[in-house]
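Today I opened the notebook to look up salt bridges and enclosed space in one model. Here is what I jotted down, in the order I went through it.

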Amino acid sequence: MTQGDERGSNGIGLGEWIFRILLVAGGAYMVYSWFEPWWSAKILVLPGEDHMVMRPWGIEVVSQVRKNAEASLWSMPWFFGPFMWAYLTVCMLALVASLFVKRQISFASIKLPKFKLPLATVLIGFVGMSYLVAVVLAYVIGDLRAEMADSNFIGKSKVVHSMTGNKVKMVSDLKDGYWLALYAGPLLILLALLRGMFVGKPKV
C-alpha cells in the first residue's frame, strides 16, 4: 500500500485513507486513556471508594482528605494542570497536522544529506514518545511524592492525620487507565514507523 495505490479525485490513495483511520483511532485511544483515572487510593476510615484519584492533570481528592491529610500527598503546583492540558492540545494538533503535511525533513545540516524523514512521521512519533515519557514520569513522580509523605504509592501504607497526628491506613493501586495510557504511546510510535507502508513518498 504505497504510491501504487489507486487515488481518488482528491489525490489520496486507499492506503493513506486506511492510515488516517488508524491514526484517528490511535488519537482517540490516547484521549480516552487521558480521561480515565490512572491511580487511586482509599482511606480505610472513610466511607466509599477512591478518596484520591490521580489523573494526568493532577490528583483529585474528597473534602475529608483535603482537610485532614498532608497536602504533600495530593497537591501539585498551580501551573501543572494548565501545562498538562496545553500538552494534550499540542499533541492533538500535531496528530491532526500529520494527516495533511506532505513535507520531509532533511538532515543535511548534520552531514546526512540523503537521509530524509516525513514531517508527519516525526509529529506522530513525537506524540507517542512524549506520551510514553509522561506516563512513566507520572509513576516516578507519584512514587517520589509518596516517599516524601512517608507512604507507599502502591499497596498498603499509613498516612498522618494533619489535625490529630494519628496514622490511618491507606490502600492504593494503579487503575486500568494507567495501563491504557502506557500502551497508547507505543501504539502511536508503531503507527509512525509503519506510515511508509500506507502513505506514498511526500514532496520535498
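Entry 1, the cavity lining. I asked which element gives the largest share of the lining of the largest cavity. It is H1, with 3 residues. I kept in mind that this is a predicted model. The lining is made up of Glu 16, Phe 19, Arg 20, Ser 98, Leu 99, Arg 195 and Val 199. Sorted by character, I get 3 nonpolar residues, 1 polar and 3 charged.

Entry 2, the cavity itself. How many cavities of 30 Å³ or more does a search of the whole structure find? I found 1, and the volume of the largest cavity is about 30 Å³.

Entry 3, back to two lining residues. Glu 16 and Arg 20 both appear in that lining, so I checked their side chains next. They meet in a salt bridge, with N to O at 3.7 Å. Why are they separated by about one helical turn? Because they sit 4 residues apart in helix H1, which covers residues 14-35. Are the two buried or exposed? Both Arg 20 and Glu 16 turn out to be buried.

Entry 4, a link across the chain. My next pair was Lys 175 and Asp 50, a salt bridge whose closest N and O atoms lie 3.4 Å apart. This pair connects distant parts of the chain, 125 residues apart. Lys 175 belongs to the loop between strand S7 (167-174) and helix H5 (176-198), while Asp 50 belongs to the loop between strand S1 (39-43) and strand S2 (52-55). I looked up accessibility for each partner. Lys 175 has 26% relative accessibility, so I noted it as partly exposed. Asp 50 is partly exposed too, because its relative accessible area is 30%.

Entry 5, a mixed pair. Arg 55 and Glu 60 form a salt bridge, and I read 3.2 Å between the closest N and O atoms. Is Arg 55 buried or exposed? With a relative accessible area of 18%, Arg 55 falls under the 20% cut-off and is therefore buried. Glu 60, at 35% relative accessibility, counts as partly exposed.

Entry 6, the network. Which residues are joined into one network by salt bridges that share partners? I wrote down Glu 16, Arg 20 and Lys 102.

Entry 7, the tally. My count for the structure comes to 4 salt bridges. Among them are Arg 20 with Glu 16, Lys 175 with Asp 50 and Glu 60 with Arg 55.

Definitions and conventions
Residues are numbered from 1 along each chain as its sequence is written. This is a predicted model: local features need pLDDT of at least 70, side-chain atom pairs count only at pLDDT 80 or more; totals for chains, interfaces and linings use all residues. Side-chain values use heavy atoms; hydrogens and water are left out. A salt bridge is a side-chain nitrogen of Lys or Arg within 4 Å of a carboxyl oxygen of Asp or Glu. Helices (H or I, at least four residues) and strands (E, at least two) are DSSP runs, numbered from the N terminus. Buried means under 20% relative accessible area, exposed over 50%, partly exposed in between (1.4 Å probe, protein chains only). On a 1 Å grid over the protein atoms alone, a cavity is a set of points where a 1.4 Å probe fits but cannot get out, and a pocket is an open set with protein on both sides within 12 Å along at least five of seven lines; lining residues have an atom within 4 Å of a point. Grid points are joined across faces, edges and corners, and a volume is the space filled by probe spheres set on the points. Ala, Val, Leu, Ile, Met, Phe, Trp, Tyr, Cys and Pro count as nonpolar, Asp, Glu, Lys and Arg as charged, and the others, Gly among them, as polar.
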